[in-house]
Amino acid sequence: MIARMKFIKIAAPVSKLETVVDEYVSKYEIQIENTVAEIDKISNLVIHNEPNPYKESLNRANQMTENMKTEGVNVTCSLPDKDEAVRIIEEFENRLSELGAGRNEVLAVFNKKKELLDNILPYSSIHYDLHKIRAFRFIKYRFGRIAKDYYKKLNDFASEDMCSIFCECSIDAEYVWGIYFAPAAEIENIDAIYSEMNFERIEINGDYDGMIDEAAQKLKNEVVQLENDLKKENDRLEKYVNDNSEKLLAARKSIEIACRNYDLRKQFAFSKTGDTEYFIMCGWMLQDEADKLEDELSGDKYITVITEEEHKGPFGGAPIKLKNPKLLRPFEMLIKMYGLPDYREFDPTWFVAISYTIIFGMMFGDVGQGLCLAVAGFLIYKFKKMDLAAIIGVAGIFSTIFGFLFGSIFGYEDIIDPLWLRPAESMADLPFVGKMNTVFAYAIALGMALILVMMVFNIVNAVRAKEFKEVLFDYNGVCGLIFYGAVVACVVLFMTGHTLPGVAVLVVMFVVPLVLIILKEPLMAVVFKHAESMPKEWGVFAVQVFFEMFEILLSYFSNTLSFVRIGGFAVSHASMMAVVLMLAGAENGGMGNLLVIIIGNILVCGLEGLIVGIQVMRLEYYEMFSRFYRGGGREFKPYNEG
């Protein structure tokens, strides 16, 4: 059903603004509307343009919590007021800055020492003073590494007159690490040769003391100590975050609310009378909540509250909030896909829930596959909360029911006896038509019944909308109901062997309603005395009437035949499973190839289930909704939702 709404307007001095919003309005669901646009009869209204003072604090809180592990943290403490929340965020930010500064200081030293260690470690097998190497006057040196392939070429290329010595220090999976020495006078030529061999030079600066191996060991010890210091700093930072995360999240939540409430002022209107500045706000609320809010504010003489049950503003009428039992809520998804109902329409969720699942079950009747759909759908809904999964689960239950009625379980037709009929075998002998599949006949009968129900729904919606022309003369209104109802009655009487009514009755039931439908516009012009609505050229009007009559009759016929697909899919399901059983070698009884049976059932269940689901939705939207449902409603979106 559609929840009843009230349009509420609140006016008070600006000094009362925070009290009204924070203490009263924020407790309820309310869709705030643009007051200046809604109240166009009051002059000198201005809007609020001041920046939000809580925006910066909220951004800082979001930045601090962005990298925090807050998934499992529940805010159980009470929310601080907004001023206290700002103080908490500033305090948290300052403390994080202090702890982060200490950590970054240790991290900078650690990174420097680690870099020195990484550079010198490959040469730690050398027991020689690096400062002495650096003090050589006539011999130059180069630390670096060379790929193994090029190292072999270097050894093959090198000769005694190359004037260079390469000291191998260490080897890993890809490189040989070492130092080469050369006379200072030949260093440029030697560098060129090593460069040709892709020797990668590594700079070893003067930050090392003593022997190379001793310097490497000393750096190892320093790096280990710095790792421990860094861990302590990280632990201090993590402990502070863990101990205060709930407090920070509570402050952030409080600032979010304050920020959101302050942003509401952009939707308010402000006006000044004498020395007093007033604000006006308006929006839509649930009827019960609007009455409660009105009672709460009635005790304050400075606050004026006005409520309206009927309001039409520049953004339309009342927004739509669907309120259905828990079992029906997943089916609201199908309604929203088509469009929410208008406020004056009735909510068709209950009808969709019933018709969709019954038609699905009739088109996809199988005990085994229906149970699989039901179990899978409800499990997915339980863990993922997907509305579509719940719909599949309920549809699976009806598939199981029709499976018993059709005597089909995983495609086997000889395990259980049908409680009703077998779709592929049952035939009916109908007058004029002859032999016809029984399921097809029932599908057409169901379609005719549903079309009649849709016409009743259309009449109800038209009465609610006070569109009396549609109530009486529309082809889905009273005249259409009488005409199509007479057709259905005559078809039923003829097929069951009963006598048809007399010619006079048939004329009244067939011709009169159809004529009234076709002459809808001239008749309404006469009734309401709108001469301008009368046809100007009767010849053109006659041609138009002919084609309209043809279109109306064709739509009745095509819409009715469209329901034949219900029987078609019921028969095709049995046929498809017969093919699976044939491939498995079980067409004459027995289990057959179990693997083929399982794969065949999975394919049929998935593919046909998808197609049937789409076809049922098509019947709902095109053959049923199009006859009575206008949609066009806008969703109710409270400002404090979520």
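**Notes on the pocket, the cavities and a surface patch**

1. Start with the elements around the largest pocket: β10 (427-430), α14 (438-464), α16 (478-495) and α19 (538-562) each give at least two residues to its lining. Keep in mind as you look around that this is a predicted model.

2. Which element supplies the largest share of that lining? It's α16, with 7 residues. If you want to find the spot on screen, α16 at 478-495 is a handy place to begin, along with α14 at 438-464.

3. As for size, the largest pocket comes out at about 700 Å³. There are 23 residues lining the largest pocket, and those closest to its centre are Ile-444, Met-448, Val-491, Met-495 and Thr-560.

4. What is the lining of the largest pocket like, by residue class? It divides into 20 nonpolar and 3 polar residues, with no charged ones.

5. Now for the enclosed spaces. How many cavities of 30 Å³ or more does the structure hold? There are 3. The largest cavity has a volume of about 80 Å³, and the residues lining it are Leu-17, Glu-18, Val-21, Asp-22, Tyr-54, Lys-82, Ala-258, Asn-261, Tyr-262 and Arg-265.

6. Two elements give two or more residues each to the lining of the largest cavity: α1 (17-24) and α8 (212-263). The largest share comes from α1, which puts in 4 residues.

7. By class, the lining of the largest cavity holds 5 nonpolar, 1 polar and 4 charged residues. Set that beside the lining of the largest pocket, where no charged residue turns up.

8. Over on the surface, have a look at Ile-380, Met-386, Leu-388 and Ile-392. These four form a nonpolar patch, and together they have about 320 Å² of accessible area.

9. One member of that patch, Ile-392, sits in helix α13 (residues 387-406). Is Ile-392 buried, partly exposed or exposed? Its relative accessible area is 35%, so it counts as partly exposed, falling in between the 20% and 50% cut-offs.

10. Finally, Val-25, in the loop between α1 and β2 (30-33). This residue is buried, because its relative accessible area is 1% and buried means under 20%. How far is the C-alpha atom of Val-25 from that of Trp-177, and what is their spacing along the chain? The two C-alpha atoms are separated by 73 Å, and the residues lie 152 apart along the chain.

Methods: Residues are numbered from 1 along each chain as its sequence is written. This is a predicted model: local features need pLDDT of at least 70, side-chain atom pairs count only at pLDDT 80 or more; totals for chains, interfaces and linings use all residues. Side-chain values use heavy atoms; hydrogens and water are left out. On a 1 Å grid over the protein atoms alone, a cavity is a set of points where a 1.4 Å probe fits but cannot get out, and a pocket is an open set with protein on both sides within 12 Å along at least five of seven lines; lining residues have an atom within 4 Å of a point. Grid points are joined across faces, edges and corners, and a volume is the space filled by probe spheres set on the points. Ala, Val, Leu, Ile, Met, Phe, Trp, Tyr, Cys and Pro count as nonpolar, Asp, Glu, Lys and Arg as charged, and the others, Gly among them, as polar. Patches are made of residues with over 30% relative accessible area and no salt bridge: like charges are joined within 9 Å, nonpolar side chains (Val, Leu, Ile, Met, Phe, Trp, Tyr) within 5 Å. Accessible areas come from the Shrake-Rupley method with a 1.4 Å probe; for residues, only the protein chains shown count as cover. A salt bridge is a side-chain nitrogen of Lys or Arg within 4 Å of a carboxyl oxygen of Asp or Glu. Buried means under 20% relative accessible area, exposed over 50%, partly exposed in between (1.4 Å probe, protein chains only).
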